[in-house]
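These are my notebook entries on one model, written down in the order in which I looked things up. I began with the aromatic side chains and went on to strand pairing and charged pairs.

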Amino acid sequence: MRPSLTTPLPSSLPSLDGLVLAPVADQAPGQVGTRTRFAYHEKDGVIWAEYAGGDVERGHLVGTRDGDRLDFRYVQLKRDGSTSSGHCVSRVAVLADGRVRLEERWEWESQPGSGTSVVEQVT
């Protein structure tokens with residue numbers, strides 16, 4: 001079932017628009033890590049972000065949000081000049097201190113590999 005692009009957010013879940021998030025742990029060498037910053041945007045059920053830092057020179061993601069579920073594709077250029085792309089499904093949560101946390105399941109589409117990660121709002 002395709003998510004509606006106009007699904008209203010439950011009042012307990014904030015918009016991602018304008019938030020900056022960062023991974024809480026490093027992934028494999030050459031990938032997203034704790035020095036990577038994601039600048040999120042959101043409008044009417046559509047999400048997108050630009051990201052960079054660490055081994056990532058530039059990255060972009062685009063997808064949809066349905067309640068607490070994000071579904072997006074990402075593509076990135078690494079500092080060594082290589083590119084990669086993949087698919088991610090995330091769950092939006094709110095931490096006790098009010099910051100946003102994304103719990104992610106991702107899989108590369110351009111190379112072998114999959115995993116989980118967590119990114120949290122930077123204050």
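I looked up burial for two aromatic residues and found that Phe-38 is buried and that Tyr-51 is buried as well, where buried stands for under 20% relative accessible area, exposed for over 50% and partly exposed for what lies in between, with a 1.4 Å probe and protein chains only. I note that this is a predicted model, in which local features need pLDDT of at least 70 and side-chain atom pairs count only at pLDDT 80 or more, while totals for chains, interfaces and linings use all residues. Side-chain values use heavy atoms, with hydrogens and water left out, and residues are numbered from 1 along each chain as its sequence is written.

Aromatic pairs. I searched the whole structure and obtained 4 aromatic pairs, a pair being rings of Phe, Tyr or Trp (its six-membered ring) with centres within 6.5 Å, called stacked when the planes are under 30 degrees apart, edge-to-face when over 60 and tilted for the rest. Phe-38 and Tyr-51 have ring centres 4.6 Å apart and planes at 25 degrees, so I entered this pair as stacked. Phe-38 belongs to strand β2 and Tyr-51 to strand β3 (residues 46–53), so the pair ties together parts 13 residues apart in sequence; strands here are DSSP runs of E with at least two residues, and helices runs of H or I with at least four, numbered from the N terminus. I also recorded that Phe-38, Tyr-40 and Tyr-51 form one aromatic cluster.

Strand pairing. I then followed strand β1 (residues 20–23), which is joined by 2 bridges to β2 (residues 37–43), the two running antiparallel; pairing requires that DSSP finds at least two bridges between the strands. β1 is also joined to strand β8 (residues 114–121), by 3 bridges and again antiparallel. Leu-21 has Phe-38 as its bridge partner in β2, and in β8 Leu-21 stands opposite Gln-121.

Salt bridges. How many salt bridges does the structure hold? I noted 9 salt bridges, each being a side-chain nitrogen of Lys or Arg within 4 Å of a carboxyl oxygen of Asp or Glu. One of them joins the side chains of Arg-79 and Glu-57 at 2.4 Å, N to O. This pair links distant parts of the chain, 22 residues apart, with Arg-79 in the loop between β5 (69–78) and β6 (83–94) and Glu-57 in strand β4 (residues 56–66). Glu-57 has 38% relative accessibility, so I list it as partly exposed.

Another salt bridge joins Glu-103 and Arg-91 at 2.8 Å, N to O. Glu-103 sits in strand β7 (residues 100–108) and Arg-91 in strand β6, so parts 12 residues apart in sequence are tied together. Glu-103 is partly exposed at 29% relative accessible area, and Arg-91 is partly exposed at 38% relative accessibility.

In a further salt bridge, Glu-120 meets Arg-99, with the closest N and O atoms 3.5 Å apart. Glu-120 lies in strand β8 and Arg-99 in the loop between β6 and β7, so this pair ties together parts 21 residues apart in sequence. Glu-120 counts as buried because its relative accessibility is 15%. Through shared partners, salt bridges join Arg-91, Asp-97, Arg-99, Arg-101, Glu-103 and Glu-120 into one network.

Leu-95. Lastly I checked Leu-95, in the loop between β6 and β7. Neighbours within four places in sequence set aside, Leu-95 is in contact with Arg-101 and Glu-120, contact meaning heavy atoms within 4.5 Å. Leu-95 and Gln-121 are 9.5 Å apart in space, C-alpha to C-alpha, and 26 residues apart in sequence.
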